[in-house]
Amino acid sequence: MFKLLKSILLATNLQDYNKGAFDVAMSLATHYDANLVLLHVVEKIPEQIMERMKWIVDDEQLERFHKAKTEEIKKSLIGKNISNAVLREALAEYCRKINKDTSVCLHPNRNIIVCEGDVVEMILKTSNDHDCGMIILSTQEGLFGKASISKVIKNVMEQSAIPVLSVPSKFHQ
């Protein structure tokens with residue numbers, strides 16, 4: 001049976017090489033009038049490192065540092081206030097580029113999620129929670145300028161029950 005693409009998850013680490021994946025996700029979400037879920041996962045600091053850091057700073061300082069870093073990431077994704085202003089502006093710009101009516105691109109269901117945890121687990125959980133029909137990830141530039149499939153992409157592909165699209169890092173160039 002044919003399954004409609006109602007929601008797309010774009011997982012990003014906010015690096016420049018993700019621009020191509022963003023373009024692909026926007027294009028598909030616009031074409032299918034689908035919800036776009038933009039996800040950034042803040043990895044938890046491994047216990048080994050936390051134990052070593054406790055020699056330098058106390059638990060309260062570590063917690064403040066972690067919260068500050070998480071807030072910095074959220075602000076870079078959603079702007080100073082708690083809205084989707086940055087994403088909405090990017091969507092409007094994308095619409096202008098492809099000569100689409102901005103009301104189509106500025107679909108009310110564009111979500112930005114910043115969470116903490118294991119990257120693969122959170123991608124799979126978020127895709128399930130938002131009933132995504134596709135996950136989009138970007139490759140990194142590897143050795144000698146070739147695209148590199150990360151361990152995260154491999155693990156998501158192995159564990160996902162839905163299609164995973166890996167966009168080459170050079171796609172946006």
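## Helix α6, the central strands and the nonpolar cores

In helix α6, the residues Val119, Val120, Met122, Ile123, Leu124, Thr126 and Ser127 are buried, where buried means under 20% relative accessible area, exposed means over 50%, and partly exposed covers the values in between, computed with a 1.4 Å probe on protein chains only. The structure is a predicted model, in which local features require a pLDDT of at least 70 and side-chain atom pairs count only at pLDDT 80 or more, whereas totals for chains, interfaces and linings use all residues. Residues are numbered from 1 along each chain as its sequence is written, and side-chain values use heavy atoms, with hydrogens and water left out.

The chain contains seven helices and seven strands; these are DSSP runs numbered from the N terminus, helices being H or I over at least four residues and strands being E over at least two. In sequence order, the elements follow the pattern β-α-β-α-α-α-α-β-α-β-β-β-α-β. Of the 173 residues of the chain, 41% count as buried. Among the contacts (heavy atoms within 4.5 Å) with a separation of 6 or more, 74% are between residues 24 or more positions apart.

Five strands form an open sheet in the order β3-β2-β1-β4-β7, with parallel pairing, two strands being taken as paired if DSSP finds at least two bridges between them. The edge strands of this sheet are β3 and β7, each of which pairs on one side only, and the twist averages 20 degrees from one strand to the next. Strand β4 is joined to β1 by three bridges, the two strands running parallel, and to β7 (residues 164-167) by four bridges, again in parallel. Ile135 of β4 is the bridge partner of Leu9, and Ile135 also has Val164 of β7 as a bridge partner.

Strand β4 is mostly covered, with five of its five residues buried. In a regular strand the side chains alternate between the two faces of the sheet. In β4, Met134, Ile136 and Ser138 point one way while Ile135 and Leu137 point the other way, and all of these residues are buried.

Helix α6 lies across β1, β2, β3 and β4 and runs at about 155 degrees to β2, the axes being lines fitted to C-alpha atoms (for helices over the stretch in contact) and the angles running from 0 to 180 degrees between N-to-C directions. The cover over the buried residues of α6 includes β1, β2, β3, β4 and α7. At the N-terminal end of α6, Asp118 acts as a cap, with a side-chain oxygen 3.3 Å from the backbone nitrogen of Val120; such a polar contact is a pair of N or O atoms within 3.5 Å, of which, within protein, one must be able to donate a hydrogen and the other to accept it, residues adjacent in sequence counting only if both atoms are side-chain atoms. After α6 comes Asp131, whose phi is positive, near 50 degrees.

Within α6, Thr126 counts as buried because its relative accessibility is 5%. The side chain of Thr126 reaches the backbone oxygen of Met122 at 2.7 Å, and, when residues up to four places away in sequence are not counted, Thr126 touches Leu9, Val37, Leu39 and Ile113.

A nonpolar core is here a set of buried Ala, Val, Leu, Ile, Met, Phe, Trp, Tyr and Cys residues joined through side-chain atoms within 4.5 Å. The largest such core has 19 residues, of which Leu9, Leu39, Ile123, Ile135, Leu137 and Val156 touch the most other members. Two or more residues are given to this core by each of β1 (7-11), β2 (35-42), β3 (110-116), α6 (119-129), β4 (134-138) and α7 (151-159), and the largest share, five residues, comes from α6. With neighbours within four places in sequence left aside, Val156 is in contact with Val120, Ile123, Leu124, Ile135, Leu137 and Val164. Apart from the largest core lies another, of 17 residues, including Ile8, Ala21, Phe22 and Ala29.

Two cysteines are also buried, Cys115 with a relative accessible area of 15% and Cys132 at 4% relative accessibility. With a disulfide taken as a pair of cysteine sulfur atoms within 2.5 Å, the count of disulfides comes to zero.
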